[in-house]
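Visitor: I'd like to learn how to read a structure feature by feature. Could you walk me through one?

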Amino acid sequence: MIDIFLKSLPFFALIALGYGSTKWKFFGVEEIKGLTRFVFYFALSALIFRFSANLPLSDIFEPQLTGGYLFGSCAVYFVTWAVAKLRQQSGEVAAIEAQCAAVGNMGYMGLPLLALLLGEAAIGPTILMLTIDLIVFASLLVILVTLSREKAALFPALGKVAIGLAKNPMVASIVAGLAVSAMGTGLPPVADQFFDILAGSASPCALFLIGASLAGKSAERVEVALWLSFAKLILHPLFVAIGVLWLFSPSPYVAAVAIAGAALPVAGNVYILAAHYGIAPQRVSSSILFSTIFSVFTISAIVALVAPG
């Protein structure tokens, strides 16, 4: 476990660097926003596109992984939603708390960290889990909120979700990369080198931005945030472990990647959705803060438990 912790420590050091640089006003709000746009629209999109284009479809789409990961994510989603309802929270708040427990930082943190800890073969399963998070759970929240607030019919709500997905550069990058992969030709050498250079900036910049985003987050609703952090870092990988080890049974290596991926902290885009819809952004912010801090230790422990060999 110590070896895994030391391997992951530089990643969390980059997060700490982003936090300190922003907390001490070395970077301003507008500078962070500009870097965020660069990573979101260019660097991270290039990383995802290049990986998707250069991987065979069979390395990405694995039915057993899909079933096991969906089972675990839906299970923790339901448990967290039920606990929120027992606390007499509204349907919208229950949905955003469930989102915190089910959606991890798969893009900014998961892709580089899991590839380092478990090898480059982890990239395909990680892209699949990222796709599930983006398409299934982000869409589910938008649908629930739209139906609740606007009393709209299902199909208009689905139309809004489809437009939102089409505008998401991560989704577009996955679709474009898979289209290239399906053609079987791969990227031309010049194009591959271009995307490789651009993608090289994604991991350090993304990790730096995670820390920068934490600098502006406050620790409010601490009890709820601690519960949501526990649900994300412990319950989510536990339920995914049930899905991939006993119910759907992909290869041991893919199962390990799925469990480790489920152990990632709460994703930043959950806060974006919470702030956009005005649904408990403070508790989501605190959940991201606490889960990211605790994940320094929990990810190392979980990877040590499940990694083959």
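Visitor: Let's start on the outside. Which helix gives the most to the nonpolar patch?

Guide: Before I answer, keep in mind that this is a predicted model. The helix you want is H12, residues 222-247, which gives three residues to the nonpolar patch.

Visitor: Which residues form that patch on the surface?

Guide: You'll find Phe71, Leu245, Trp246, Leu247 and Phe248 there, with about 530 Å² of accessible area together. Take Leu245 as a sample: its place is in helix H12, and with a relative accessible area of 43% Leu245 is partly exposed.

Visitor: And Ala231, is that buried or exposed?

Guide: Ala231 lies in helix H12 as well, but its relative accessible area is 0%, so it counts as buried. For a look at chain folding, check its C-alpha against that of Val79: the two are 152 residues apart along the chain, yet separated by 8.9 Å.

Visitor: How do I read burial for a whole helix? What can you say about H13?

Guide: The idea is to go residue by residue, with under 20% relative accessible area as the cut-off for buried. In helix H13, residues 252-262, nine of the eleven residues pass that test, so the helix is largely enclosed by the rest of the structure. The buried ones are Val254, Ala255, Ala256, Val257, Ala258, Ile259, Ala260, Gly261 and Ala262.

Visitor: Now for empty space. What's the general idea there?

Guide: You roll a probe the size of a water molecule over the atoms, and that shows where empty space is left.

Visitor: How many cavities of 30 Å³ or more does a search of the whole structure find?

Guide: One. About 40 Å³ of space lies in this largest cavity.

Visitor: Which residues line the largest cavity?

Guide: The lining is Gln99, Val103, Asp133, Leu134, Phe137, Ala138, Asn269, Val270 and Leu273. Two elements give two or more residues to it: H7 and helix H14, which spans 268-277. H7 gives the most, with four residues.

Visitor: What is the lining of the largest cavity like by class?

Guide: Six residues are nonpolar, two are polar and one is charged.

Visitor: What about pockets? What volume does the second largest pocket have?

Guide: That pocket comes out at about 150 Å³. Around it you'll see Arg50, Phe51, Asn54, Leu55, Asp59, Glu62, Glu120, Ala121, Ile123, Gly124, Pro125 and Val254. Helix H2 (29-54) and helix H7 (123-150) are the elements that each give two or more residues to this lining. By class, the pocket lining has six nonpolar, two polar and four charged residues.

Visitor: Val254 rings a bell.

Guide: It should: Val254 is one of the buried residues of H13, and it also lines the second largest pocket.

Visitor: On to charges. How many salt bridges does a search of the whole structure find?

Guide: Five. A good way to read each pair is to ask about the distance, the place in the chain and the exposure of both partners. Try Lys33 with Glu30, where the closest N and O atoms are 3.8 Å apart. The two sit three residues apart in helix H2, so about one helical turn separates them. Lys33 counts as partly exposed at 42% relative accessibility, while Glu30 is exposed at 55%.

Visitor: Which salt bridge does Asp196 form?

Guide: Asp196 pairs with Arg50, the closest N and O atoms being 3.6 Å apart. This pair links distant parts of the chain, with Asp196 in helix H10 (residues 189-199), Arg50 in helix H2, and their positions 146 residues apart. Asp196 is partly exposed, at 38% relative accessible area, whereas Arg50 is buried, at 19%.

Visitor: What network of salt bridges is Arg50 linked into?

Guide: Arg50, Asp192 and Asp196 make up that network. Remember that Arg50 is also among the residues lining the second largest pocket.

Visitor: One more pair, then. Where does Arg87 sit, and where does Glu97?

Guide: Their salt bridge has its closest N and O atoms 2.9 Å apart. Arg87 is in the loop between helix H4 (63-86) and helix H5 (91-102), while Glu97 is in helix H5, ten residues away along the chain. For exposure, Arg87 is partly exposed at 29% relative accessible area, and Glu97 is buried at 0%.

Technical notes:
Residues numbered from 1 in each chain as written. Predicted model: local features only at pLDDT ≥ 70, side-chain atom pairs only at ≥ 80, totals over all residues. Heavy atoms only, no water. Buried < 20%, exposed > 50% of the residue type's maximum accessible area, 1.4 Å probe, protein only. Patch = residues over 30% accessible without salt bridge, like charges linked within 9 Å, V, L, I, M, F, W, Y side chains within 5 Å. Areas by Shrake-Rupley, 256 points an atom, 1.4 Å probe, with all protein chains shown as cover. Salt bridge = Lys/Arg side-chain N within 4 Å of Asp/Glu carboxyl O. 1 Å grid on protein atoms, 1.4 Å probe; cavity = no way out; pocket = protein on both sides within 12 Å on 5 of 7 lines; lining within 4 Å. Points joined across faces, edges and corners; volume = space filled by probe spheres on them. Nonpolar A, V, L, I, M, F, W, Y, C, P; charged D, E, K, R; others polar.
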